[in-house]
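Grab a pencil and work through these exercises with the model open beside you. Each task comes with a step-by-step solution, so try it yourself before reading on.

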Amino acid sequence: SNPLLPFYLKMVEQKRRLTDVIEKLLTPAEVAKILGVHRMTVTRLIKWGDLPCIRVGQQWRIQPSVFQKWLNQRQEINLRYRNKFVNRKAFYSATK
């Protein structure tokens with residue numbers, strides 16, 4: 001029996017788990033498809049620091065949970081802006 005076998009098997013298992021995690025990450029192209037925008041738009045959001053991501057080698061990856069949280073935050077911002085706009089519109093139409 002090889003004394004390095006348990007060590008080797010442990011490394012193989014760790015690498016398999018890491019591969020499973022990386023496969024679950026989204027690419028900018030996948031995020032763009034979900035959002036219905038061009039891939040370059042997603043790349044700009046990443047480079048501007050607006051969309052949190054992970055760099056793997058020379059490629060960007062987005063965790064689905066982080067992407068969902070980012071979408072929820074954007075939705076809240078849009079709702080606040082829309083409510084502010086609607087309230088202002090109602091105020092001005094009532095004062096005419």
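A salt bridge here is a side-chain nitrogen of Lys or Arg within 4 Å of a carboxyl oxygen of Asp or Glu. Bear in mind that this is a predicted model, where local features need pLDDT of at least 70, side-chain atom pairs count only at pLDDT 80 or more, and totals for chains, interfaces and linings use all residues. Residues are numbered from 1 along each chain as its sequence is written, and side-chain values use heavy atoms, with hydrogens and water left out.

**Exercise 1. Find the salt bridge and say which parts of the chain it links.**

Step 1: The structure holds one salt bridge. Asp 50 pairs up with Arg 74 in a salt bridge, and their closest N and O atoms sit 2.7 Å apart.

Step 2: Now place the partners, which link distant parts of the chain, 24 residues apart. Asp 50 is in the loop between α3 (39-47) and β1 (54-56), while Arg 74 belongs to helix α4 (residues 64-94). Helices (H or I, at least four residues) and strands (E, at least two) are DSSP runs, numbered from the N terminus.

Step 3: Check the cover. Buried means under 20% relative accessible area, exposed means over 50%, and partly exposed is in between (1.4 Å probe, protein chains only). Asp 50 counts as partly exposed because its relative accessibility is 31%, and Arg 74 gets that label because its value is 35%.

Step 4: Helix α4 also carries Trp 70, which counts as buried because its relative accessibility is 7%. Trp 70 and Asp 50 are 20 residues apart in sequence, and their C-alpha atoms are 8.8 Å apart in space.

**Exercise 2. Write down the order of the elements and see how α2 meets α3.**

Step 1: Count four helices and two strands in the chain. Starting at the N terminus, they run α-α-α-β-β-α.

Step 2: Look at helix α2 (residues 28-35) and α3, whose axes come within 8 Å and cross at roughly 110 degrees. The axes are lines fitted to C-alpha atoms, for helices over the stretch in contact, with angles from 0 to 180 degrees between N-to-C directions.

Step 3: Put a label on that angle. Under 35 degrees is roughly parallel, over 145 roughly antiparallel, 65 to 115 roughly perpendicular, and the rest oblique. So α2 and α3 are roughly perpendicular to each other.

Step 4: For a residue on α3, take Thr 41. Thr 41 is partly exposed because its relative accessibility is 31%, and its C-alpha lies 9.8 Å from that of Ala 29, 12 residues away in sequence.

**Exercise 3. Track down the nonpolar patch on the surface.**

Step 1: Know the rule. Patches take residues with over 30% relative accessible area and no salt bridge, joining like charges within 9 Å and nonpolar side chains (Val, Leu, Ile, Met, Phe, Trp, Tyr) within 5 Å.

Step 2: The members are Leu 5, Tyr 8, Leu 9 and Val 12, with about 380 Å² of accessible area together. Those areas come from the Shrake-Rupley method with a 1.4 Å probe, and for residues only the protein chains shown count as cover.

Step 3: Zoom in on Leu 9, which lies in helix α1 (residues 5-24). Leu 9 counts as partly exposed because its relative accessibility is 48%.
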